[in-house]
Amino acid sequence: MAEAEQVRLQESKDGVKAWKQWGPYLSERQWGTVREDYSPNGDAWNYFTHDQARSRIYKWGEDGIAGISDDKQHICFALAMWNGVDPILKERLFGLTNSEGNHGEDCKEYYFYLDSTPTHSYMKYLYKYPQGEYPYEDIVKTNYKRTRLEQEYELIDTGVFDRDEYFDVFVEYAKADHDDILIKITLANRGPQVATLHLLPTLWFRNTWFRSRDAKVPELRAVKSKSKNNASVIAAQHETMGQLYLHCEGGVPLLFTNNETNEKRVSGGTNSTPYVKDGFHEFVVHGNKDAVNPAAVGTKAAAHYQVTVGPRESSVVRLRLTRADALRGGGCGADFEAVFQDREHEADEFYASVMQVCTNEDDHRIVRQALSGMLWSKQFYYFDLDIWLREHGYNATGAGRGVNNMRNAPWFHMVNEDVISMPDKWEYPWYAAWDLAFHTVALSMVDIDFAKEQLRLMVSESYLHPNGQLPAYEWNFGDVNPPVHAWATLYVYLTEKSIRKAGDVEFLKECFRKLLLNFTWWVNRKDRSGKNVFEGGFLGLDNIGVFDRSASLPDGGYLEQADGTAWMAMFCQSMLSISLELVAVDSSYEQIADKFLEHFLWIAGAMDPAGDYDNELWDEADGFFYDVLNMPNGGACRLKLKSMVGLLPLCAVAIIPPDLIERYPRLMKRVRNFFQRRPELAANLHDPEVPGENGRYLLSVLNRDNLKRVLSRMLDEKQFFSPHGIRSISREHLDKPYEFDMDGKKFTVQYEPAESSTGLFGGNSNWRGPVWMPVNGLILKSLLLLYQYYGDTFRIECPTGSGVEKNLFEVANDLSDRMATIFREDKNGRRPVYGDTEKFQTDPHWHDYLLFYEYFHGDNGAGIGASHQTGWTGLVARFIHLFESVKGADLMKEGLASLIRLKPLAGAEAHVAGEGGPVTKEPATVSK
């Protein structure tokens, strides 16, 4: 029998029911974003502040706490709270701006994504709200005084939780149907005293009518309950969404105002209505009864609960958002508790299926919360660049009002109006192309169709630039992210093929056609010299370089980048693999496969040609790759900083199974021809004609000897191999900082395992020491692919100097375990992710609620940076699942198929988009 959640996923996919129409699509921070910035100098953080957000409407989206909305964000629901002493009503999460924080922007709240199914049929969220006054001023002032050499000052450091005087506010959602949403809010008083909380579950419309006087304004209105209960009811009428009702158990007072700017407070102007956005704040905090509409009508409404909870006791509030104006039974319907029990059980059933290979309870918890966090991190993202740029005085011809370097001016074509997986809905409430590619790898474990939708979006006409560039992120869509989209597309395609026993060839073709444009953009724009060695700028690694790699270099020279070139080698391998997958349905793709095979050989050969020259990326003496600085006078030198930049060439690996060579012998003929005609480029390459274990063939930038040299350095615990993964910079630079002198100016890079001491790229991330999940994941996949080729014939000390030799599967398993231990309890019951924060380590109301940080301390594994970047850190779920389900013998026997083995979806075999059955038998090649 099909699991209930799988049935819902199938109904959503087939268009039977819109189970995903409602979800956690509210942002957690709309203020301080580029979308809302209309300043003359692009100062987004200060143009629209947290203090203004309660009074000023947004133009491009909405935010809230534990909120949901429909998938176009017409109607929004979230919580507002007041503890009786705070200076403001808590309607949104608070945090510091980039200039206020000593390490950039940072959310100063504690909230947790505890559970979610892919259709959001069940969701659970926890927010911790102090009963004492929230220390806004203390947090701002203390952080502002601290230097970049000091740690951030967090909410828990203020002492506000020391005596457990706080509420755990649990918010749960359960869908009785796709448009019938039950809401349960549990207020748990963790303190020793009776405490009262003002709770305002709030329903409102995104203001879409401000741009047109003729727009039809939707309406919220109090109506009498038609049910035989004492519920208070808000009726919502919207031109697109139709009629809905919010039933609020308990007959509580209803408050109404409008989602309109309080011009008087914001700018000293005149309000168009007496009832404005901050009306509830005025009414609850200041007792201003004139701030809410006595006619009980508006575009923003709330039920006003005043809940008194005994010491260490709990109280529950129930609501229901539905099409029905009358409910059977009392409260919010006779079926309320039964629906919740069913959905919770179905969520347990769903994750038991996903994690059936996991035998450890703690691993279950980590995987479930990681995947739930990714599902909670969906956000409706709206940004019409044509409108936005015109509102800034620019048009598509380039004419403007005289401001130079207008942000995102070349991206007039973009119209983003979709639900997108976000890196972090507070710290990064905007998509980033390369982050998103990694998100899809983990998301494919639970919702393959959503993963495919995300990949399609980035290459659709409304996103991809006409010149072929993928958009980077809203602060600068024209910046350059690593080209990992082809790899992710192939991964998701093969995962679906494993699950559904058939591949969605139309999806693969669609993405491939657009990725051809992107590949061409890279070749035309980032290979300045035409010798297949690439630039790219920061390439997602922020401050890893000796200087800002996206800026003009101090001496007017330019960088040729080891990572940029490695990314392009990997791009070629992924496109080759896709081509070979498509050859099965269209023989014309064989010629395209030839093209990408040869282009890979050109790039790989250019990274380490015959001889030893100052302008090549490989350093023979060090056995490592470096960026090369090309001088205006024609000279060149390597920047010998040992960093992740030099490890990424390891990731350019692909396996070609022997049956493929038998079917397409011209591939090896192309290889043979290249080696014969280009001996200077082929000299140090691994020979793809040499078969390995089980007759497999290998495409790799590194030959066997050089692979050992790079791995020996990477697996050295005094250099890259930390207890919790591969560091972004070698630890040897702690005592021996890398120094580079240019025209009398000295540049220094030192190993920094935690926060950055520089302001490069905002200073809120650090690639000079910490562990980052996405690049660790790519290294891990490469080790597994290399094992398929070398098997037990290739063994290496792991860790270096330990005397213990391992094959590459065992090395990969070791690496995966080290990353998983960031979140696992150690022998003392402590989780490295929480460092020395005792509340998280010892308090049962904190310890098992996990935060998936942006990156992790290079020595002790403590979480650093954005605290809810479940996006790519959610990859840890895939790592744990992989090594619980795959053994070395499986990998050697089955090859790629074992790496993407997931449970087939019930009844899914015949439901591949555009296909009626299997297309190819086994994965063709792969750089997966």
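"How many of the 12 residues in strand β8 are buried? Keep that one in mind while you look at the model, which is a predicted one.

Okay, the answer: 10 of the 12 residues in β8 are buried, so we call the strand, which covers residues 166–177, mostly covered. The cut-off behind that word is a relative accessible area under 20%.

What pairs with β8? On one side of the story there's strand β7, residues 122–130, which runs antiparallel to β8 and shares nine bridges with it. If you want a spot to click on, try proline 130: it stands opposite tyrosine 166 of β8. Then there's strand β9, residues 180–189, also antiparallel to β8, this time over 10 bridges. Here you can click on alanine 174, whose bridge partner in β9 is leucine 182. And how does the chain get from β8 to β9? Through a hairpin with two residues in the connection. One thing to remember while you're looking at strands: in a regular strand, side chains alternate between the two faces of the sheet.

Now let's move on to some loops. Find the loop between α19, residues 679–682, and β27, residues 697–700; asparagine 694 is in there. Its phi is near 55°, which is a positive value in a residue that isn't glycine. Asparagine 694 is partly exposed, with a relative accessible area of 48%.

Glutamate 689 lies in that loop between α19 and β27 too. Is glutamate 689 buried or partly exposed? Partly exposed, because its relative accessibility is 27% and buried would need a value under 20%. Leaving out residues up to four places away in sequence, glutamate 689 touches Met668, Val671, Arg672 and Tyr697. With arginine 672 there's also a polar contact between the side chains, at 2.7 Å. For a sense of distance, take valine 653, which is 36 residues from glutamate 689 along the chain: the two C-alpha atoms are 15 Å apart.

Next, aspartate 542, in the loop between α13, residues 505–526, and β21, residues 558–560. Its phi is positive as well, near 40°, and again this isn't a glycine. But aspartate 542 is buried, because its relative accessible area is 14% and the cut-off is under 20%.

Last stop: the peptide bond between cysteine 798 and proline 799. Cis or trans? It's cis, with omega at about -5°. You'll find proline 799 in the loop between β32, residues 795–797, and β33, residues 805–807.

That's my tour, thanks!"

Notes. Residues numbered from 1 in each chain as written. Predicted model: local features only at pLDDT ≥ 70, side-chain atom pairs only at ≥ 80, totals over all residues. Heavy atoms only, no water. Helix = DSSP H or I, 4+ residues; strand = E, 2+ residues; numbered from the N terminus. Buried < 20%, exposed > 50% of the residue type's maximum accessible area, 1.4 Å probe, protein only. Pairing = 2+ DSSP bridges. Contact = heavy atoms within 4.5 Å. Polar contact = N/O pair within 3.5 Å; in protein donor to acceptor, adjacent residues only side chain to side chain.
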